[in-house]
Amino acid sequence: MGSKNTFDKPIGVVGAGSFGLSVANLLAENSEVLLYARNPEALESINKKREWNDYPIHQNIKAIDDLEQLANSCDIIFPVVPSANFREMMKSLSPFLHPYHILIHGTKGLNLNLPEGKTLDSIQVLERHHIKTMSELIMDESVVVRVGCLAGPNLAKEIAQGLPAATVVASPFNEVIQIGQQLLRSDRFQVYGNPDLIGIELCGVLKNIIAIASGALTGLGLGENARSLLISRGMAEMIYLGKALGGDVRSFIGLAGIGDLMATSHSTLSRNFTVGRRLAEGESLENILGDMQEVAEGVNTIMIAKKIAESFKVRAPITEILHRVLFEGLTMEEAVQYLMKYPLNVDVDFI
């Protein structure tokens, strides 16, 4: 098994979902990869059949189910698990991590850190310390210092087909960006760097809200003019929410912001888009989530983002109206009517 990177140890990936497998396959072009998977079927299929869930698996990937082995064998680890399981995964991995480890996550979600016994509904005002990005979770739960994230228009199916794509590696540490670039770059995959870790994480998180709305427009057959309106207003909303949580406006105008927003808002491959489309076609949320193989992070994000908008006094009409559709029985038709009448006089007021 030949590899051309300068790291003598394998690279670790945690999570065998579609994006975890994509990241593992990209890394495997240049390195040996150890992939942690909990599911015994996945392990078997990855190691023996070289495929899982219709994803072909590169021969440089070996699947294991032991986090201690992963941490001992790999200095650089890419955790890619749903945000709802992220803290639990970090708690399991943490005892085996050292300050020399580097973690670059690929999870596009937020985690809540509420006082004991409190829920999102029962808490009056969300404060910044109640809301955790995945990099903050990594630092909360472990001794790791050098943390980064991956974000960008990275639809897993397209990457699996070897179609050209790019991503952003964000980290306050230049070294983490350089390592990410070195490990992931190939003829078909370009990697940009950005020091604004929180901003880039929030781009990946918030765009999922707009992707659900975009799927709804498709489900209602409302056309491309309406989608362009949604994407540009959605961009503004992402920036307001992102700034409130400490992101830099410039991050949102780059590949991880507008780039990822465009890909997810037009893609029938996107899980969040699919949720919106099926809602608009009249299915219940319960029904849709019940038969989806993987998590659509946007549903959880809408709950948190609505509370952020209220607590930080940010205008977020798309988020608010989607919350009413998902949890308060508003129909998609009514939602569109409401958004079309929403009073906006200024087109761009955030730069």
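How many nonpolar, polar and charged residues does the lining of the second largest pocket have? The points below take up this question after a look at the largest pocket.

1. The structure is a predicted model, and the note that follows is confined to two pockets in it. In the largest pocket there is about 1400 Å³ of space, and 47 residues line this pocket, with Gly-17, Ser-18, Phe-19, Arg-271 and Glu-294 lying nearest its centre.

2. Six elements can be looked up in turn by a reader tracing this lining, since the elements that each give two or more residues to the largest pocket are helix 1 (18-28), helix 4 (83-93), helix 6 (156-160), helix 8 (197-220), helix 11 (255-266) and helix 12 (271-280). Of the elements, helix 4 gives the most to this lining, namely four residues.

3. Sorted by class, the residues lining the largest pocket comprise 18 that are nonpolar, 19 that are polar and ten that are charged.

4. The second largest pocket holds about 490 Å³ of space. Its lining is made up of 26 residues, and those lying nearest the centre of the pocket are Leu-229, Leu-230, Arg-233, Ile-318 and Leu-339.

5. Two or more residues of the lining of the second largest pocket come from each of helix 8, helix 9 (223-244), helix 15 (317-327) and helix 16 (332-341), and helix 9 gives the most, with seven residues.

6. To return to the opening question, the lining of the second largest pocket has 22 nonpolar residues and four charged ones, while polar residues are absent from it.

Definitions and conventions
Residues numbered from 1 in each chain as written. Predicted model: local features only at pLDDT ≥ 70, side-chain atom pairs only at ≥ 80, totals over all residues. Heavy atoms only, no water. 1 Å grid on protein atoms, 1.4 Å probe; cavity = no way out; pocket = protein on both sides within 12 Å on 5 of 7 lines; lining within 4 Å. Points joined across faces, edges and corners; volume = space filled by probe spheres on them. Nonpolar A, V, L, I, M, F, W, Y, C, P; charged D, E, K, R; others polar.
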